[in-house]
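Biologist: Could you take a close look at one part of this model for me, the way the domains of a chain sit against each other, and then carry on to whatever else is worth seeing around it? Plain talk is fine.

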Protein chains: 2
Amino acid sequence: MSKQDFTRFYAKRTRLMRASEIRELLKVVESRDVISLAGGLPDPHSFPREELAEIASYVIREYGEMALQYSATQGTRVLREALSKFMAKFMINALPDNILVTTGSQQALDIIARTLIDPGDIVVVELPTYLAAINVFKLYEPNFIGIPLDDEGMRVDILEDKLKEIYSSGKKVKLVYTVPTAQNPSGVTMSIDRRKYLLELAEKYDFLVVEDDPYSHFLFEPIPFKHLKAMDSSGRVIYISTVSKILSPGLRIGWIVANQQLVSIFERAKQSMDLHTPTLNQFIVAEALRRDIIDRHLPRIKEIYRMKKNIMLEALEEYFPENSRWTRPAGGLFIFAYLPEGIDTKAMLPKALERGVIYVPGQSFFVDGSGKNTMRLNFSYPSPEKIEEGIRRLGQVIKEELALK
Amino acid sequence: MSKQDFTRFYAKRTRLMRASEIRELLKVVESRDVISLAGGLPDPHSFPREELAEIASYVIREYGEMALQYSATQGTRVLREALSKFMAKFMINALPDNILVTTGSQQALDIIARTLIDPGDIVVVELPTYLAAINVFKLYEPNFIGIPLDDEGMRVDILEDKLKEIYSSGKKVKLVYTVPTAQNPSGVTMSIDRRKYLLELAEKYDFLVVEDDPYSHFLFEPIPFKHLKAMDSSGRVIYISTVSKILSPGLRIGWIVANQQLVSIFERAKQSMDLHTPTLNQFIVAEALRRDIIDRHLPRIKEIYRMKKNIMLEALEEYFPENSRWTRPAGGLFIFAYLPEGIDTKAMLPKALERGVIYVPGQSFFVDGSGKNTMRLNFSYPSPEKIEEGIRRLGQVIKEELALK
């Protein structure tokens, strides 16, 4: 069978799912001796390895008949109860029945998109926003509207203007996707006033809010915030989170909190996606929560990340040109940098690669195609030495690029 | 927000994903003291618990930096290499590059459907076929064509007639889905001649073949067969399998073997579905394969299942009415029973429930709505005593039902 024949089979879907050139470039790169500031991996030294090794063998020995068996699509009761208690510490009141366990928060995004987004639906996101969310939403062919951020998070006033415009043309917004706390990639946190304002608009204009919250449980700088879900009185907020950043991403345990009607829709969708999230991993996370591993473990992770973030900030100060700026994140794994106008970070990437350093060009995080002069820099994975050296190399590349202008 | 408001949001998709009445019934039932012959769970005593407990703590201690970390969407190299070696024992030559690790074989089905089935595409399945495959394919709105089975598997001659008809009307078949070995729910195995015939038709009429193979690695009766994938010279066969029946379903480790072009398409789809299958589980299965746990463990599982199957066959002989018949499966977890014409097993289910026994009405396994008088009976999960008592109760219900006719 020739290649052409196979191409015929998936022509339509391929268009939607084509790999980004950048991802392909990164693939090549990661096999070479290059400092990568492009990924989004936690520091591998941050995993509580001994505790998890002990817990894994304990749950298999004690509960093997259940832990190795098929389990309910919604998630095991013991994990949903443990998550319910865990979230209560963050003022989120979620009954076990309101929780759906997912195979990482990526699956949570896919379930939400699959059940809620029909082609042409209007989906609002921040400018910039989490790349993988854009990519999974895209599969369901929505019309994106991007709302700019400032230091207090999403410009909800601009959203209101857009809403008026949209509704006066007879259309509606289906959902607003936000990473309100220590946003990826910008590091910004939405102020409490803005959160209230957003929820008021949700009532008035009848849309759902998806609160993606991977970072708030391990902020390495204290910031004032309150979860949108904790302020949600009408069940409009769909909350998603994960243990990827606070325990281990290799376990792929995420979850959704939503009203029961939505949970039941999500559950049916998940049933055909993977039947259920691995039972063993659910037992491990439930036991880790029961033993307070996460709470005891968090201060150490926070310290590692605070230190690495500060090293990157110092290096940026030293090596980046004066007319560039960058975020000072209170959480998350990234710094987002704005270079002088005129620099195209996507076009510059091959030159950086030649110098032995890579990053993610920021444009991919903007649904409106802006952000040409921005880049996302990861500080969680590389060692302190590599962070400094990577930023030094990158500073040189940028200065040379500027000299060409 | 009222319920009506939420319903508006997902009206279209709900139609496709509505829970079957049966599944809802089973949900209620499973919380009561009822003998369930309806599920599809492996015998929990069949899990190699001690070995897996040791392996889980070993891989976290030795490889924790990797095993607890994010990993590649396609699957870890070590697992793909181990699977490649494992399959070579079954004459399937698959390079690691031709393998995509999935979160259970359910996800494999979803990936295949998502990337290959567009609305209106013609998908051929067996009559009856695996219920969960029908359900996931349905989401992508194909036109199903059902081909009857006999003792040698799919009636490929009838398929050929259908193909001629379809092609003469200017249409094409996109894919044929088959469980050729120890089929679920029928227990039938496709003969080698039929397999050759099917692959010839695939060439002639230019369609893909999906070979779903959860059972062939642990047949508890020897039967002659050769995997379709092992006979595939042109890359038309997409092979899927899982460790659910041979090691543990709670690990959710499945995989797809396909030509590289398709693997790359599947990989992109999987990326937005869950980024990757849990790394820890991949390390556990790779280590279990390396230590030959599965091969050493299989004879014991086979013995348990052969014994339970025989108990159910004896009970059927004793308690079911004379004019019913049933399969004598060489593998799998199920016996499929054909009751006298006129009995509607779906309508009879509430009566069986009253008597304290349940099964899955067979009609759900037939895409053409036939099979009203059939039922699927699970023998892997219930204890020998429950199997006998369950079949005794069921025999009574059927006899009473017949007396009413």
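Modeller: Sure, and keep in mind that this is a predicted model. The domain assignment splits chain A into domain 1, made of 3-48 + 296-404, and domain 2, covering 66-294. Measure between the C-alpha centres of domain 1 of chain A and domain 2 of chain A and you get 24 Å. Where they touch, domain 1 of chain A puts in 31 residues and domain 2 of chain A puts in 32 residues.

Let's stay on the domain 1 side of that contact. Helix 1, helix 11 (293-319) and strand 11 (334-338) of chain A each bring at least two residues to it. Helix 11 of chain A has the largest share, with 8 residues. Sorted by class, the side of domain 1 of chain A that touches domain 2 of chain A holds 16 nonpolar, 8 polar and 7 charged residues.

Helix 11 is worth following a bit further, and for that I'll hop over to chain B. There, the axes of helix 11 (residues 293-319) and helix 13 (residues 384-404) of chain B come within 9 Å and cross at roughly 25 degrees. An angle under 35 degrees counts as roughly parallel, so that is how helix 11 of chain B runs relative to helix 13 of chain B. Their crossing is right-handed. From helix 11 of chain B, the residues making the contact are B:Lys308, B:Ile311, B:Met312, B:Ala315, B:Leu316 and B:Tyr319. Helix 13 of chain B answers with B:Pro384, B:Ile387, B:Glu388, B:Ile391, B:Arg392 and B:Gly395. Taken together, the residues of this helix pair's contact come to 8 nonpolar, 1 polar and 3 charged.

Now zoom out to the two chains. A rotation of 180 degrees, with 0.0 Å of shift along its axis, lays chain A on chain B with an RMSD of 0.0 Å. The two copies are therefore related as by a two-fold rotation axis. They also use the same surface, since 100% of the contact residues of chain A recur in chain B.

As for the chain-to-chain contact itself, 63 residues of chain A meet 63 residues of chain B. On the chain A side, the elements giving two or more residues are helix 1 (3-17), helix 3 (49-67), helix 5 (104-116), helix 6 (131-138), helix 9 (260-274) and helix 10 (279-290). Helix 3 of chain A gives the most, with 11 residues. By class, the side of chain A that touches chain B has 28 nonpolar, 19 polar and 16 charged residues.

Technical notes:
Residues numbered from 1 in each chain as written. Chains lettered and ligands numbered in written order. Predicted model: local features only at pLDDT ≥ 70, side-chain atom pairs only at ≥ 80, totals over all residues. Least-squares fit on C-alpha atoms with pLDDT ≥ 70 in both. Contact = placed C-beta atoms within 7 Å. Helix = DSSP H or I, 4+ residues; strand = E, 2+ residues; numbered from the N terminus. Nonpolar A, V, L, I, M, F, W, Y, C, P; charged D, E, K, R; others polar. Domains from an automatic or database assignment. Axes fitted to C-alpha atoms, helices over the stretch in contact; angles between N-to-C directions. Parallel < 35°, antiparallel > 145°, perpendicular 65-115°, else oblique. Left-handed = near helix turned anticlockwise from the far one by under 90°.
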